[in-house]
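The following report covers the fold, one helix pair and several individual residues. Please keep the sequence and the model at hand while reading.

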Amino acid sequence: MPAGRGARGWAPPATAQATGSTFPLSINGGGRYLQQADGTPWFMNGDTPWQLVGNCSNAQITTYLEDRAAKKFNAVMIEAPTAYFATQSPLYNNVDGVAPFTSTSYTAASFESLNSTYWARVDHAVNEAKRLGILVVFL
């Protein structure tokens with residue numbers, strides 16, 4: 001067991017991981033845990049702001065993710081497009097009233113009609129998380 005690791009072989013990071021030093025993650029040789037790019041075990045300390053891209057502006061997303069990074073979170077789980085627990089109507093629109101698709105029905109054809117304005121907000125969240133060394137998990 002590496003020095004400084006807990007009884008199970010891992011310990012939470014003492015400081016936030018710098019972008020580039022953690023990713024890409026991979027499965028260790030024994031297939032039992034995720035490891036960082038340097039081969040050390042990766043401890044996931046995550047938060048679940050499911051509706052982050054649906055309920056927040058770009059500025060609010062940045063503020064939220066910077067706060068999570070300062071509190072040593074290294075992962076967030078979000079939903080895109082949003083479907084439940086949103087604050088607007090219809091639920092799948094973002095806070096600015098922008099729908100994820102230019103089609104008005106949720107059919108297979110909807111995924112061929114992406115609304116670039118909606119997905120730019122998702123890109124912003126992913127890019128800010130990347131800048132801060134936070135993994136984004138999508139539902």
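Of the contacts in the protein with a separation of 6 or more, 61% are between residues 24 or more positions apart, where contact means heavy atoms within 4.5 Å. The model is a predicted one, in which local features need pLDDT of at least 70 and side-chain atom pairs count only at pLDDT 80 or more, while totals for chains, interfaces and linings use all residues. Residues are numbered from 1 along each chain as its sequence is written, and side-chain values use heavy atoms, with hydrogens and water left out.

The protein has three helices and five strands, which follow one another along the sequence in the pattern β-β-β-α-α-β-α-β; helices (H or I, at least four residues) and strands (E, at least two) are DSSP runs numbered from the N terminus. Of the 139 residues, 36% are buried, a class that takes in relative accessible areas under 20%, with exposed meaning over 50% and partly exposed the range in between (1.4 Å probe, protein chains only).

**The α2 and α3 pair**

Two packed helices are described by the angle between their axes and the distance between the axes. For helix α2 (residues 58–70) and helix α3 (residues 116–131), the axes come within 10 Å and cross at roughly 25°, the axes being lines fitted to C-alpha atoms over the stretch in contact, with angles running from 0 to 180 degrees between N-to-C directions. The two helices are therefore roughly parallel to each other, since angles under 35 degrees fall in that class. On the α2 side the contact is made by Asn 58, Ile 61, Thr 62, Leu 65 and Glu 66, and on the α3 side by Arg 121, His 124, Ala 125, Glu 128, Ala 129 and Arg 131. By class, this contact has four nonpolar, three polar and four charged residues, where Ala, Val, Leu, Ile, Met, Phe, Trp, Tyr, Cys and Pro count as nonpolar, Asp, Glu, Lys and Arg as charged, and the others, Gly among them, as polar.

**Individual residues**

The table lists four residues with their relative accessibility.

| Residue | Place | Relative accessibility |
|---|---|---|
| Thr 22 | segment before β1 (26–27) | 1%, buried |
| Lys 72 | loop between α2 and β4 | 34%, partly exposed |
| Arg 121 | helix α3 | 11%, buried |
| Val 126 | helix α3 | 30%, partly exposed |

Arg 121, one of the α3 residues in the contact with α2, reaches the backbone oxygen of Cys 56 with its side chain at 3.1 Å. Not counting residues up to four places away in sequence, Arg 121 touches Val 53, Cys 56, Ser 57, Asn 58, Ile 61, Asn 94, Val 95 and Asp 96. Val 126 is in contact with Val 136 and Phe 138 when its neighbours within four places in sequence are left aside. Val 126 and Ile 61 lie 65 residues apart in sequence and 9.9 Å apart in space, C-alpha to C-alpha.

**Backbone features**

Two cis peptide bonds deserve a look in the model: one joins Phe 23 and Pro 24, with omega about 5°, and another runs from Ala 80 to Pro 81, with omega near 0°. Pro 24 is found in the segment before β1, whereas Pro 81 is found in the loop between β4 (75–78) and α3. Lys 72, although not a glycine, has a positive phi of about 70°.

Definitions and conventions: Angles under 35 degrees count as roughly parallel, over 145 as roughly antiparallel, 65 to 115 as roughly perpendicular and the rest as oblique. A polar contact is a pair of N or O atoms within 3.5 Å; within protein, one must be able to donate a hydrogen and the other to accept it, and residues adjacent in sequence count only if both atoms are side-chain atoms.
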